[in-house]
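Here is a report on how the parts of one protein assembly fit together. Look at the structure first, then read on.

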Amino acid sequence: MSPSKTVVRESMEKSLFGKSTKSKLVERLVFALFRLGTYFVLLCAATIFVDIVYKGGKTVFRSEFPFLNVEFLSDSPQTLHVFEYQGRKYEMSDSNFRSFRQGIDEPIVTETYAYSGGGIWPCIAGTLLLVAGAMIIAMTLGVLSAIFLSEYSRPGKILNAVRLSILNLAGVPSIVFGIFGMGMFVLAFGWNVSLIAGWFTLALMVLPIIISASEESMRAIPQGMRDASFALGATQWTTIRTNVLPYAMPGILTSSIIGVARVAGETAPIMFTAAYALRDQLPWEGLERWYDLFFQGVMALPYHIYVVSAKIPQNEYTSRMQYGTAFVFLFIVAAIALSSILLRIRMRKKYRW
Amino acid sequence: MDTPAVESHRGDRNPSLIRISDFDFSYGDKQALFDINMDIAEHEVTAFIGPSGCGKSTLLRCINRMNDLIESARIDRGKVEVNGLDIYDERVDATELRKRIGMVFQKSNPFPKSIYENVIYGLRIQGINRKSELDETVERCLKGAALWEEVKDRLDTSGLSLSGGQQQRLCIARAMAVGPDVLLMDEPCSALDPVATAKIEELIHELKNDYTIVIVTHNMQQAARVSDRTAFFYMGNLIEMNATDQIFMSPDKEQTEAYISGRFG
Amino acid sequence: MKRFFHEELEAIRSHIMEMGERAVESANLALRALEQRDLDIAESVIEGDEIIDAIETRIDEEVARYISLRAPVAKDLRLLFIAVKASHDLERVGDEATSIVKRTKKILASNETYRELGRVPDMCELAISMLKEALFSFIQEDEDIAYQIIRQDKEVDALNRENFKEFVELMKDDASKVDVYAEMIFISKSFERIADHAKNIAEEVYFLLTSQSLKQVLKGDAQT
């Protein structure tokens, strides 16, 4: 090697070898910090999840056949009677207690715990109805406005203002939606506390998510596909119908998954507009006209959790109910989200570009 | 050796099909085309060449009114006539016009549908659903686009499963299905490899028997190979339009010579 | 894949072949005009040369057009190069034939008789066979034939030297025939030039087919 080459090599060694130990240390520290933060978040989530699954599981599952607490899943909430009879300790919901007492003459002394017996079936049904209706309304309105914003509107200040207000709407606290829904739908429209008032209130709340996500996924469709359609003599609506909406659907569904989770989970918007703390009849029972379905209040899982954890005296029996409800609620949200994800994956496969 | 054995490339022109006269065009405040005058003859391949942003694609998109879709696009002056009819007449329905003047784009853009559905998209949206007619169209157009042999056994697979060159030929077949007289091609080979490009060029050479073709290309050799006439654009002006031999062997204008010989700027 | 414009290359090839046939014909007719003392044949050679010139111009145009529009490379490009060079050689063959018949006309006009053609007919035959073989190697794409032609050129050169000696002797014998045999020397030289052009074409065909210079190859072969 020539002398000048050796010099070059030495200077290269100087710059390439042995980064200063200090910067290496900082590197490691920062990295550890990030790692720690992530672990902390994971730990919190896991704690909550395990707690709910463990404690709720005790309520929902049984050790013998059919392994599920059928009463919990199919009955209405009832008062729990706890009593001793012939030396044995019984826990019974109100209706079971009444039939149990039929054959017994002697008086039974019981301790009663409100809301701690029976099941949560009306809440499950109510939540499912609320979610379904709110999502139908929200997706219809949301997709319509997204089509307008993405395909038809003229870019300019007004459009920007509309977009900004939609974004702001997403930041409004849910209790404000609840109060707005009460003022608008319950009082001004005279719908009273009803399913339909709840639908619209919840729909308004998730609209911003659905509009912005739908618009985003429509804009993500290559302009080339629209151009190709126009060049074949298609009108704008034909193009949107055949070449934009179908391919934007996976994206719209993704946004609706987030929407479903929010709609199902919100308590504040429905507590003034749609939810009853206790209702004996299921939503579809005792209707005079079919559309009365819309104009009646329902029980709902999140509101039920709120009621059993905040509105009644706490004890070991209510705590069982709380965890059981939370567990079922978690399961339902996860199931809805999972099915939307599966649907989205199927659509993605079909409409891949 | 009494008569030339090779066809003359500078012979008589076919009759004019598209006439563009005194045409000024702007996007917003920015004028994109200045006083364009040209005749495009039927059953010829006319190539538009020029550096990026010279207005060649803009003019192409004026011929089937694709520029209508751009908000700020505006015609300031002049006419585009097809068969003597001003296509910017307010009575002209742009969607009907586009059925007569098809377009193939730079990036092959088949719909994420089956090959079959891609070809008949233009018919489906017109409400044509008769199976026999659709089958016939698919076969005719795929044959016309030299794709039939390659895909006839898998018409129900996605158009996106084809290679780039096949996709572009599918797009040509799709454009043919609505029965146009004119095919506008906006850099149809710019994303293709040389073999796929050669196939498209062969196809263009075949298609000019049935269609009038206008092709925008960045590739000067491509213009030289496939076109009968070449128009050179620079900064929104039509600098020179002439028989392709003439343009590439002895152009009239210095700018043209500088561009085609790569001595530009 | 064969491209639509490859037909244009075929056209150029066929023009070279046509030119070659006409050049061979001209050389043949030139000898016949000389042997048979036929002025009509001489005229037809001169007319034929104009056509040969026209074909050469045409080939030049076609080659220029093909290079401008088709961006040829490799063998296509070599074909175009040799098309230009070979057509030039063939055009020169036509010119030599013309020059032969012009000298023949001069001799005939001087009313001098000549009894001796020397080895001119042999030369002509050899030169024409070289030309034909060069063209044959071109059509057949056979570089071996092209390789063989080079040797024959030496024989033609030898015949030309023989002619020169013989005609000089004849001039010494009869001073009145000096004009005639001076022309004869030039005629002999013209046939020798025709053979040279045939050799050039052979070299060009060899380059077309192998992309190697035949002269270099011969040097190499001589060394081994």
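## Shape of chain A

A compact globule of 353 residues would have a radius of gyration near 20 Å, but chain A has 29 Å. This is a predicted model. The C-alpha trace of chain A spans about 115 × 65 × 40 Å along its principal axes. Chain A holds 13 helices and 3 strands.

## Which chains touch

In this model, 2 pairs of chains touch. Chains A and B share the most contacts. Chain A and chain C are not joined by any contact. Their closest C-alpha atoms lie 29 Å apart.

## Two domains in chain A

The domain assignment splits chain A into domain 1 (70-118) and domain 2 (121-350). The C-alpha centres of these two domains of chain A are 39 Å apart. Even so, the domains meet: 16 residues of domain 1 of chain A are in contact with 19 residues of domain 2 of chain A.

The size of an interface is often given as the accessible area lost when the parts come together. Domain 1 and domain 2 of chain A bury about 1,300 Å² between them. Carbon and sulfur atoms give 66% of that area. On the domain 1 side, A:Phe72, A:Pro77 and A:Tyr115 lose the most area to domain 2 of chain A. Together they make up 46% of what that side buries.

What charged link crosses between the domains? The rule finds 1 salt bridge across the interface of domain 1 and domain 2 of chain A. A:Glu91 forms a salt bridge with A:Arg320, and the closest N and O atoms are 2.8 Å apart. The rule also finds 1 residue pair in polar contact across this interface, with both residues at pLDDT 80 or more.

Now look at the elements on the domain 1 side. Helix 3 (70-74), strand 1 (77-85), strand 2 (88-93) and strand 3 (110-118) of chain A each give two or more residues to it. Strand 3 of chain A has the largest share, with 6 residues.

## Chain C against chain B

This contact takes 21 residues from chain C and 19 residues from chain B. The area buried between chain C and chain B is about 1,700 Å², with 61% from carbon and sulfur atoms. Three residues stand out on the chain C side. C:Phe4, C:Arg65 and C:Leu69 supply 35% of the area that chain C buries against chain B, more than any other three residues.

How many salt bridges are there between chain C and chain B? The count is 3. C:Arg65 forms a salt bridge with B:Asp245, where the closest N and O atoms are 2.5 Å apart. C:Arg65 is also one of the three residues that supply 35% of the area chain C buries there. In addition, 6 residue pairs are in polar contact across the interface of chain C and chain B, both residues of each at pLDDT 80 or more.

Two helices of chain C, helix 1 (6-36) and helix 2 (39-70), each supply at least two residues of the side that touches chain B. Helix 2 of chain C gives the most to that side, with 10 residues.

## The residue classes on each side

The table sorts one side of each interface by class.

| Side | Nonpolar | Polar | Charged |
|---|---|---|---|
| Chain C, touching chain B | 9 residues | 2 residues | 10 residues |
| Domain 1 of chain A, touching domain 2 of chain A | 8 residues | 5 residues | 3 residues |

Terms used: Residues are numbered from 1 along each chain as its sequence is written. Chains are lettered from A and ligands numbered from 1 in the order in which they are written. This is a predicted model: local features need pLDDT of at least 70, side-chain atom pairs count only at pLDDT 80 or more; totals for chains, interfaces and linings use all residues. Side-chain values use heavy atoms; hydrogens and water are left out. Contact means heavy atoms within 4.5 Å. Buried area is the accessible area (1.4 Å probe) that two parts lose on being put together, summed over both. A salt bridge is a side-chain nitrogen of Lys or Arg within 4 Å of a carboxyl oxygen of Asp or Glu. A polar contact is a pair of N or O atoms within 3.5 Å; within protein, one must be able to donate a hydrogen and the other to accept it, and residues adjacent in sequence count only if both atoms are side-chain atoms. Helices (H or I, at least four residues) and strands (E, at least two) are DSSP runs, numbered from the N terminus. Ala, Val, Leu, Ile, Met, Phe, Trp, Tyr, Cys and Pro count as nonpolar, Asp, Glu, Lys and Arg as charged, and the others, Gly among them, as polar. Domain bounds come from an automatic or database domain assignment. The radius of gyration is taken over C-alpha atoms; the globule rule is 2.2 Å times the number of residues to the power 0.38.
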